[in-house]
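Student: I would like a close look at one part of this model. Please take me through it step by step.

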There are 2 protein chains.
Amino acid sequence: MDGSLDELSDVAGALADPVRREILAMLRHTPLAAGEIARAFPVSRPAVSRHLRVLRESGLVRDEPAGRQRLYTLVPSGITRLAAWLGQFDAPPGWEQRLDALGTEVRRARRDRTAAPRAVDHDSEERSA
Amino acid sequence: MDGSLDELSDVAGALADPVRREILAMLRHTPLAAGEIARAFPVSRPAVSRHLRVLRESGLVRDEPAGRQRLYTLVPSGITRLAAWLGQFDAPPGWEQRLDALGTEVRRARRDRTAAPRAVDHDSEERSA
DNA sequence: GGAACACGTAACCCACTGGTTACGTTTTGG
DNA sequence: CCAAAACGTAACCAGTGGGTTACGTGTTCC
């Protein structure tokens with residue numbers, strides 16, 4: 001069974017570990033056996049084995065027996081789904097400006113607070129544009 | 001202080017929680033006060049407050065005092081960085097074929113390994129530092 | 001000044017995570 | 001047939017995460 005009911009959480013959770021990210025990077029172009037993967041990290045082989053399980057259960061890799069080894073292959077659909085979710089934050093035009101405005105705003109707000117320790121009258125105009 | 005030495009882990013970790021993802025979605029177009037955000041979820045307000053802290057420490061949002069409220073604003077750079085990392089998995093053309101060729105690859109890998117049992121020599125791009 | 005409000009934080013619980021060592025299982029091969 | 005190889009899994013432990021309730025602090029407003 002898959003396990004979680006929230007695929008994005010599983011994918012993001014899997015990606016939250018540097019070892020697992022590097023494993024994925026290793027599998028980017030070619031499938032690899034568990035042992036080969038494990039040999040690339042300073043942690044114990046069982047530890048890597050569990051990282052592989054996390055990746056498997058999140059759907060990011062698929063494993064296939066190959067003799068007495070087990071080959072791991074990247075399955076990019078999860079990555080695609082997460083990338084799609086991230087895509088919703090793609091600049092709805094006027095984005096760069098907004099960033100610039102934010103920077104200014106912060107600086108201004110800080111100055112205001114330092115100079116005049118009373119009520120902030122920041123009235124953010126940054127949302128208006 | 002930022003805290004973690006691995007920004008991508010922080011970002012992915014923050015995204016691994018559905019509540020935090022929804023908070024980000026809420027902030028996509030407009031800044032919101034902590035209370036407004038908290039009201040949108042069934043969990044207690046302190047719980048949301050800590051979610052906001054995680055988002056803040058991962059650099060995904062910035063907060064700014066506004067009277068007796070605290071305004072949270074989306075900071076998209078982290079999302080961009082993660083999206084960029086995901087981008088390395090974009091089909092380097094010929095991907096489908098590669099899956100087909102998996103069987104062959106397996107056999108070849110086995111032979112290689114039998115002949116030379118040494119470590120993987122994949123190109124690692126994610127610096128461990 | 002003092003009540004009410006909008007927060008963040010502390011203390012506490014329980015579930016999960018990531019590491020380890022020890023072990024079980026299947027496949028290879030002399 | 002039996003030893004070694006290549007795995008996954010179990011048991012254990014320290015640390016973290018997310019939830020709760022209780023509390024402290026700064027702002028507003030009368």
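Student: Start with DNA strand D. Which base atom of DNA strand D does a polar side-chain atom of R45(A) lie close to, and how many Å apart are they?

Tutor: A base oxygen. The model is predicted, and in it a polar side-chain atom of R45(A) sits 3.1 Å from that base oxygen of DNA strand D. Chain B reaches a base as well: R50(B) places a polar side-chain atom 2.7 Å from a base nitrogen of the strand. Q69(A) goes to the backbone instead. An N or O atom of the Q69(A) side chain is 3.2 Å from a phosphate oxygen of DNA strand D.

Now widen the view. There are 22 residues around DNA strand D. The nearest are G35(A) and Y72(A) from chain A, with S44(B), R50(B) and H51(B) from chain B. On the DNA side, sugar and phosphate make up 56% of the strand D atoms that come within 4 Å of the protein.

Which elements build this surface? In chain A, α3 (34–39), α4 (45–57) and β3 (69–74) each give at least two residues. In chain B, α4 (45–57) does so too. By class, the surface near DNA strand D holds eight charged, eight nonpolar and six polar residues.

One more residue deserves a look. D17(A) lies in the loop that links α1 (7–15) and α2 (18–26) of chain A. D17(A) is buried, yet forms no salt bridge. R20(A) has the nearest side chain of opposite charge, 4.5 Å away. Leaving aside residues up to four places away in sequence, D17(A) touches H51(A) and, in the other chain, S9(B).

Methods
Residues numbered from 1 in each chain as written. Chains lettered and ligands numbered in written order. Predicted model: local features only at pLDDT ≥ 70, side-chain atom pairs only at ≥ 80, totals over all residues. Heavy atoms only, no water. Near = heavy atom within 4 Å. Polar contact = N/O pair within 3.5 Å; in protein donor to acceptor, adjacent residues only side chain to side chain. Helix = DSSP H or I, 4+ residues; strand = E, 2+ residues; numbered from the N terminus. Nonpolar A, V, L, I, M, F, W, Y, C, P; charged D, E, K, R; others polar. Buried < 20%, exposed > 50% of the residue type's maximum accessible area, 1.4 Å probe, protein only. Lys, Arg positive; Asp, Glu negative; His and termini not counted. Salt bridge = Lys/Arg side-chain N within 4 Å of Asp/Glu carboxyl O. Contact = heavy atoms within 4.5 Å.
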